[in-house]
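Open the model in your viewer and keep the selection tool ready. The tour goes from one selection to the next.

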Amino acid sequence: MSEPPDGRPDPEPYIAANRAVWDEWTAIHETSAFYDLDAFRQGGVRLRPYEIEEIGPVEGQTLLHLQCHFGIDTLSWARLGARVTGADFSPVAIELASRLARELGFPDARFVRSTIDDLPGTLEDRFDVVYASRGVLGWLPDIRSWARVVAHFVKPGGRFYITEIHPLANVFEDEGVEPGELRMRYPYWEHPEPLTFAVQGSYADPTAAMTATVEHGWDHGLGEIVTALIEAGLEIRSLREYPFVAWKLDFLTEADDGTWRLPSTVAGELPLFFSILATKPA
Ligand SMILES: C[S@@+](CC[C@H](N)C(=O)[O-])C[C@H]1O[C@@H](n2cnc3c(N)ncnc32)[C@H](O)[C@@H]1O
């Protein structure tokens, strides 16, 4: 395996393997109850109230959604008035997103197939809002490289927003444990070599048949994420931490609002999700 200048392994084989996983997952997700595409077709907005409030009005603004999957969060922003562009490395996801945009009447919505790292060479525009959410950073080998791409696409005076699982929630064993059983297993800070996991169906349908066998992931500490954004030229306006995760982890229990939280048997709380709002100086 070739070595880039900073001594990290070449990420390309890992990225290619992950892309194969996401291509198959997209086909599974299109018909899954988890994504409930029929509800979305009938006019739903799949964004969470807190992120809509933290980002503020997007009416008439250009918005780039990084790692947009098959576009239903992207098109939700379009339903709130943004002029949207979605980007993702999965050709299957981009094809489905483009088809949905046509079917649901968003002729101005644009979907671009590219890895995060290649996007500045693929897409010329700059945007009022750059957005990413829920399950994105763990697929990226180098948080500083990601932050430079983010900052590249924010117009001067524009803003960047991300909401994502908290790196602290990622350190615990999340399978085969009881609610409240906090067993440290995974790294907190970024590591050059990926962690490799066997693929078992998809998070939306663990019983789904798959031909891809492995996925690769990386961790990034909260300080690394924030510092990377600052070093890329953005100014942090808020960093909020939340006591819930948007999806199931075995050490959590489901709350009435559909989020996953520590059970009441655990004394105290931990940050399990976060959001960052940043701006680029005008
Ligand atoms: C969990 S989805 C995030 C979207 C949204 N939370 C959702 O559930 O629809 C993660 C997305 O990241 C994309 N992805 C993973 N690695 C990528 C990379 N290196 N460059 C671009 N996209 C990538 C995948 O194709 C997938 O669509």
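How do the residues of the shell around the ligand divide into nonpolar, polar and charged? The model you are looking at is predicted. Select the ligand and its shell: nine of the shell residues are nonpolar, seven are polar and three are charged.

**Stop 1: the ligand**

The ligand is surrounded by 19 residues. Show the closest of them, which are Tyr 35, Asp 88, Ile 116, Ser 133 and Arg 134. Start with Tyr 35, where an N or O atom of the side chain is 2.7 Å from an oxygen atom of the ligand. Then turn to Ile 116, which has a polar backbone atom 3.0 Å from a nitrogen atom of the ligand. At Ser 133, a backbone N or O atom is 3.0 Å from a nitrogen atom of the ligand. Now hide the protein: taken alone, the ligand exposes 590 Å². Bring the protein back, and 95% of that area is buried by it.

**Stop 2: strand S1**

Select residues 62-66, which form strand S1. Is this strand enclosed or open, judged by how many of its residues are buried? Five of the five are buried, so S1 is largely enclosed by the rest of the structure. Buried here means under 20% relative accessible area.

Show the side chains next. In a regular strand, side chains alternate between the two faces of the sheet. On one side of S1 you find Thr 62, Leu 64 and Leu 66, and on the other Leu 63 and His 65. Both faces are covered.

**Stop 3: the partners of S1**

Add residues 83-88, strand S2. S1 and S2 pair in the parallel sense, over five bridges. One place to look is Leu 64, whose bridge partner in S2 is Thr 85. To get from S1 to S2, follow the chain through helix H4, residues 72-79; this β-α-β crossover is right-handed.

Now add residues 127-133, strand S4. S4 runs parallel to S1 and is joined to it by three bridges. Here the residue to pick is His 65, with Tyr 131 as its bridge partner in S4.

**Stop 4: the loop after S1**

Which loop holds Gln 67? Gln 67 is in the loop between S1 and H4, and His 69 is placed there too. Gln 67 is not a glycine, yet its phi is positive, about 55°. His 69, also a residue other than glycine, has a positive phi near 50°. Are these residues buried or exposed? Gln 67 counts as buried because its relative accessibility is 17%. His 69 is buried as well, with a relative accessible area of 9%.

Methods: Residues are numbered from 1 along each chain as its sequence is written. This is a predicted model: local features need pLDDT of at least 70, side-chain atom pairs count only at pLDDT 80 or more; totals for chains, interfaces and linings use all residues. Side-chain values use heavy atoms; hydrogens and water are left out. Buried means under 20% relative accessible area, exposed over 50%, partly exposed in between (1.4 Å probe, protein chains only). Helices (H or I, at least four residues) and strands (E, at least two) are DSSP runs, numbered from the N terminus. Two strands pair if DSSP finds at least two bridges between them. A crossover is right-handed if, with the strands pointing away from the viewer, the path from the first strand over the helix to the second runs clockwise. A residue is near a molecule or strand if one of its heavy atoms lies within 4 Å of it. A polar contact is a pair of N or O atoms within 3.5 Å; within protein, one must be able to donate a hydrogen and the other to accept it, and residues adjacent in sequence count only if both atoms are side-chain atoms. Accessible areas come from the Shrake-Rupley method with a 1.4 Å probe; for residues, only the protein chains shown count as cover. Ala, Val, Leu, Ile, Met, Phe, Trp, Tyr, Cys and Pro count as nonpolar, Asp, Glu, Lys and Arg as charged, and the others, Gly among them, as polar.
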